[in-house]
Amino acid sequence: MHRTPSIGSVAVAAVLVGALVGSISAAVGVWLEPWQVGDFRPAGDVPSGTPHGLVEAPETDHGFGTVNVGSKGRHAFPVRNPGTGPLHLSRGATSCTCTI
């Protein structure tokens, strides 16, 4: 006699398999691509003799501590260009808009 699985057991199995596949693919993606802050291009990407900007920032992170919901925080990061050409800055990548 062949027994048909219940809808509940099929749904639970589908959720577990989906969570497992999603977790594995996310872990592989994080492992294969290093985390980056912004779109900085190493000086090695510029042909020698070409004027290029360099980033010099004594501070690269800031802890705001506890921030209440709806509150805003600001912090200025001093950036200097000791390079021989212009420095082009753009908004960096972030996982959520709360950190832009």
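Partly exposed residues are those whose relative accessible area falls between the buried class, under 20%, and the exposed class, over 50%. The views below show a predicted model.

**View 1. Overall chain.** One helix and zero strands are assigned in the chain. Of its 100 residues, 3% are buried. The accessible surface of the chain is about 9200 Å², and carbon and sulfur atoms contribute 62% of that surface. Among contacts with a separation of 6 or more, 53% are between residues 24 or more positions apart.

**View 2. Salt bridge between glutamate 56 and arginine 80.** The closest N and O atoms of the two residues are 2.7 Å apart. A search of the whole structure gives one salt bridge. Both partners lie in the segment after helix H1 (7–32), so the pair ties together parts that are 24 residues apart in sequence.

**View 3. Accessibility of glutamate 56.** Glutamate 56 has a relative accessibility of 39%. This value places glutamate 56 in the partly exposed class, because it is neither under 20% nor over 50%.

**View 4. Accessibility of arginine 80.** The relative accessible area of arginine 80 is 47%. Arginine 80 therefore counts as partly exposed, as its value is not over 50%.

**View 5. Nonpolar surface patch.** Leu20, Ile24, Val28 and Leu32 make a nonpolar patch on the surface, with an area of about 380 Å².

**View 6. Leucine 32, one of the patch residues.** Leucine 32 is placed in helix H1. With 56% relative accessibility, leucine 32 is classed as exposed, because its value is over 50%.

Note on methods
Residues are numbered from 1 along each chain as its sequence is written. This is a predicted model: local features need pLDDT of at least 70, side-chain atom pairs count only at pLDDT 80 or more; totals for chains, interfaces and linings use all residues. Side-chain values use heavy atoms; hydrogens and water are left out. A salt bridge is a side-chain nitrogen of Lys or Arg within 4 Å of a carboxyl oxygen of Asp or Glu. Helices (H or I, at least four residues) and strands (E, at least two) are DSSP runs, numbered from the N terminus. Buried means under 20% relative accessible area, exposed over 50%, partly exposed in between (1.4 Å probe, protein chains only). Patches are made of residues with over 30% relative accessible area and no salt bridge: like charges are joined within 9 Å, nonpolar side chains (Val, Leu, Ile, Met, Phe, Trp, Tyr) within 5 Å. Accessible areas come from the Shrake-Rupley method with a 1.4 Å probe; for residues, only the protein chains shown count as cover. Contact means heavy atoms within 4.5 Å.
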